[in-house]
Amino acid sequence: MNRRTVLGALAGVGGAAVAGCSAFERESDGQTNQVDDDRARALATRFAPTLYFDAREPWFPTDPQSYTSERDGETIVTGFDALDGYHERYREGSPPEPTVFYRAVEYEESPLAVVQFWFYSVFDQFTTNFHWHDWEVMHVFVDTETDEPQLYVASSHSRNVPNNEFLDPDSETVPRILSELGSHSSTLSVNDVPDRFQRVAVENLLADITNTAIEGVEDLADIPLAYGLPRDEGSTLPYVVPEYEGEPLYDHERLPSVSRESLIPNELTVRSFDALTAPPSELPTRETGLVFRHRKRAADADVEYDLVPSGELEHITAFTGPQLSFEFSVPDFLEDAVAGHITTTGTPWDQSRYENPAADISVPNHRTTLADRYDAIGDAAPINTVISRVTEAVTADDAPDDEGLTTIESDLESVVLLESDPEAVPTFGGVAVAQDVPAGDHRLTVNSAGRAPHSERVTVSDDGAATAAGVDGEIPLVARDRATKLELGDETGETDLASVAVEDDFAGRLYESAVDGSDVVYVHGGGAYTTEVRDGDDAVGAYRVNPDPAAESPVRIERPETGKESLAEFVAAVAEETRAAVAAVGDSETDGDGDDAENGSSNAVTGLEQSLAAVVESARRAAERARSSERGNADTQLEVVRERLERAENRLAEAEGDVPPSLSNATEKRLEQADRRSEQARDAEKL
């Protein structure tokens, strides 16, 4: 289902939009005690989940004890030993030692118990990161008095991305987990289609999560806030190849059993987001591969796994491995690349959620519900969330060639990085979410394979409300082969820039960010732009930008200024640009002898051109007067500009039908822009 279908399905669903809340800042939970062995085993056997893996998955749950070694008297698992040892043992369709680890705890003086299922994989390869070793977990909260399950929590990528959770599941249904390819992020399956993820209820099909809705972006207001399983929802996701010391990991001498074929297949991977000139196409979506079930399940399975108490692993003190690298573009004034590094996972028994599973509840209404039922669970508290939807900028059909854009939904997922958090997070269905963000100013960067990166400053308040990044919660990206770099400001400029915005004639405002004296924006070469700048006193300036799609050099506004002169010059520029286009239409309507082909048509077009020329003349005079510090004369000329813009609008109406529709549309939009900027010029205190 695409996003608009989802929105249609959700129109009558509603739900509380409390994305600004989280369990990460909460009241204290009660203490837990470990459940005795027999009861723990019974709980684990009852709720042992069925696991569905992608057909291209290379790393399945296994037992790390086969790869332990001793170091300084401690038992460890090194990344090299685990990865190479696993592939040495691996046979197609028969992964080595399929194992799920379990642990059960109960809250003191409470009927609430939790059985945890821990899944260990030897490696994690994804689009935002990769690392040696991977631990994922599913928590099943159970009321021991009623014997009813209360909540499923399946771990997602990180605490910045909400987990996939389901409140009050059917006690007769065996839990199912859909594991994301390579990353092993876990979502839930509770409905009648066991191997497919359903984000929202449709007809008689249950949703697989009960996460609450997104808050802060209007047209996402009914979509549940959860990572889900993007490749199962029609989105495409390019993976990246892990490198160590500048070489692909599979070439390392300590990994003789690991080849290129051991990793995520070629058809899903790219060597670098920056290496592509256009977004990759035809990336395969998810297909179900091996199905794992506990050995005591009656149903058939491709693989039967063992249930082993996690306590048998607690003698392992560390899962180790050297840093691996991947490329993630972060544009700044000089260039666009920084290196990101991910090392390894920690041990589950050193994590707070091992003793207190409620620490992993990421959906506030779920925590609140459990807190109402059980004194052992503390209430949620508000935290800060940054949210946006990532779209794609493309040329508009109703605009002149290479002079107007629109934005469309993107089926290619992106990655998002906040400078305050070194961990990049993936989008889901084009939605970018970062939770638990400290209040203050941040730089947010969005990167996508084959697209130019986007970077902006985001100010996050400390009130727990969601902060919408981009413009009205939308961040449009541009394919690299259509992108032009727009550079603004340098150290020689007299105006200290405080913010920059970029508007396309047809798509409207596409970019807006606070800046510190200079900025870099990637724009689509097929657009026609108004670049708005503001200084520290909130004075406005504007510049016309028409990038040449064939040009390789960036567009540069070296010393942007604000005030009446800048705004008047802009009005003159956009009016002259439009006059020239209208004049070209007039020229095409005369025959070879210079006689009018259709006198009435030619007169209407000529009248429009002349009225635009009058706007150009009066706007230039206003700019000259402002430059000469003649405030009164500048304002007088700006009044003339206003009158002549009104006349041009009337002439455009008279020429309707005689000017190509695309140019008529463009002229209307440019006149609206010119009128707005001339009004700003009249109101400006700064000359």
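**Exercise 1: Confidence**

Work out what pLDDT the protein averages, and which elements have the lowest and highest mean values.

*Solution.* Start with the whole chain: this is a predicted model, and the protein averages a pLDDT of 87. Of the residues, 89% score at least 70. Next, go element by element: helix 1 (residues 3–10) has the lowest mean pLDDT, at 33, while strand 6 (residues 99–107) has the highest, at 98. Now check the stretch around helix 1: pLDDT is below 50 over residues 1–25, though the model still gives this stretch 67 contacts beyond near neighbours in sequence. Last, look at residues 329–344, where pLDDT also stays under 50. For those residues the model has 52 contacts beyond four places in sequence.

**Exercise 2: Helix 3**

Find out how many residues of helix 3 are buried, and which strands they pack against.

*Solution.* Begin by counting: helix 3 spans residues 79–89, and 8 of its 11 residues are buried, so the helix is mostly covered. Then put names to them: Gly 79, Phe 80, Ala 82, Leu 83, Asp 84, Gly 85, Tyr 86 and His 87. Finally, see what they pack against: strand 5 (74–78), strand 7 (112–125), strand 8 (130–143), strand 14 (243–244) and strand 19 (316–320).

**Exercise 3: Asp 54**

Decide whether Asp 54 is buried or exposed, and find which side chain it joins in a polar contact.

*Solution.* First, place the residue: Asp 54 sits in strand 3 (residues 50–54). Second, take its relative accessible area, which is 2%. The cut-off for buried is under 20%, so Asp 54 counts as buried. Third, look for a partner: the side chains of Asp 54 and Arg 231 are joined by a polar contact of 2.7 Å. Fourth, fill in the surroundings, leaving aside neighbours within four places in sequence: Asp 54 is in contact with Ser 179, Leu 181, Arg 231, Arg 286, Glu 287 and Gly 289.

**Exercise 4: Two cavities**

Describe the lining of the largest cavity, then do likewise for the second largest.

*Solution.* Count before you zoom in: there are 6 cavities of 30 Å³ or more.

- The largest holds about 200 Å³ of space. Its lining has 19 residues, and His 454, Pro 476, Tyr 511, Val 521 and Tyr 522 lie nearest its centre.
- For the elements behind that lining, strand 29 (451–460), strand 31 (474–479), strand 34 (508–514) and strand 35 (519–524) each supply at least two residues. Strand 35 gives the most, with 5 residues.
- By class, the lining of the largest cavity has 16 nonpolar, 3 polar and no charged residues.
- Moving on, the second largest cavity has about 90 Å³ of space. Among the residues lining it are Leu 51, Phe 53, Trp 59, Glu 136 and Ser 179. Strand 3, strand 7 and strand 11 (176–179) give two or more residues each.
- The lining of the second largest cavity divides into 6 nonpolar, 4 polar and 1 charged residues.

**Exercise 5: Val 641**

Say where Val 641 is found and what it touches.

*Solution.* Locate it: Val 641 is in helix 8 (residues 631–654). Check its accessibility: at 1%, Val 641 counts as buried, because buried means under 20%. Now list its contacts, not counting residues up to four places away in sequence: Val 641 touches Val 571, Ser 618, Ala 619 and Ser 678. As a last step, compare positions along the chain and in space: Val 641 and Arg 621 are 20 residues apart along the chain, and their C-alpha atoms are separated by 9.6 Å.

Definitions and conventions. Residues numbered from 1 in each chain as written. Predicted model: local features only at pLDDT ≥ 70, side-chain atom pairs only at ≥ 80, totals over all residues. Heavy atoms only, no water. Buried < 20%, exposed > 50% of the residue type's maximum accessible area, 1.4 Å probe, protein only. Helix = DSSP H or I, 4+ residues; strand = E, 2+ residues; numbered from the N terminus. Contact = heavy atoms within 4.5 Å. Polar contact = N/O pair within 3.5 Å; in protein donor to acceptor, adjacent residues only side chain to side chain. pLDDT = per-residue confidence, 0-100. 1 Å grid on protein atoms, 1.4 Å probe; cavity = no way out; pocket = protein on both sides within 12 Å on 5 of 7 lines; lining within 4 Å. Points joined across faces, edges and corners; volume = space filled by probe spheres on them. Nonpolar A, V, L, I, M, F, W, Y, C, P; charged D, E, K, R; others polar.
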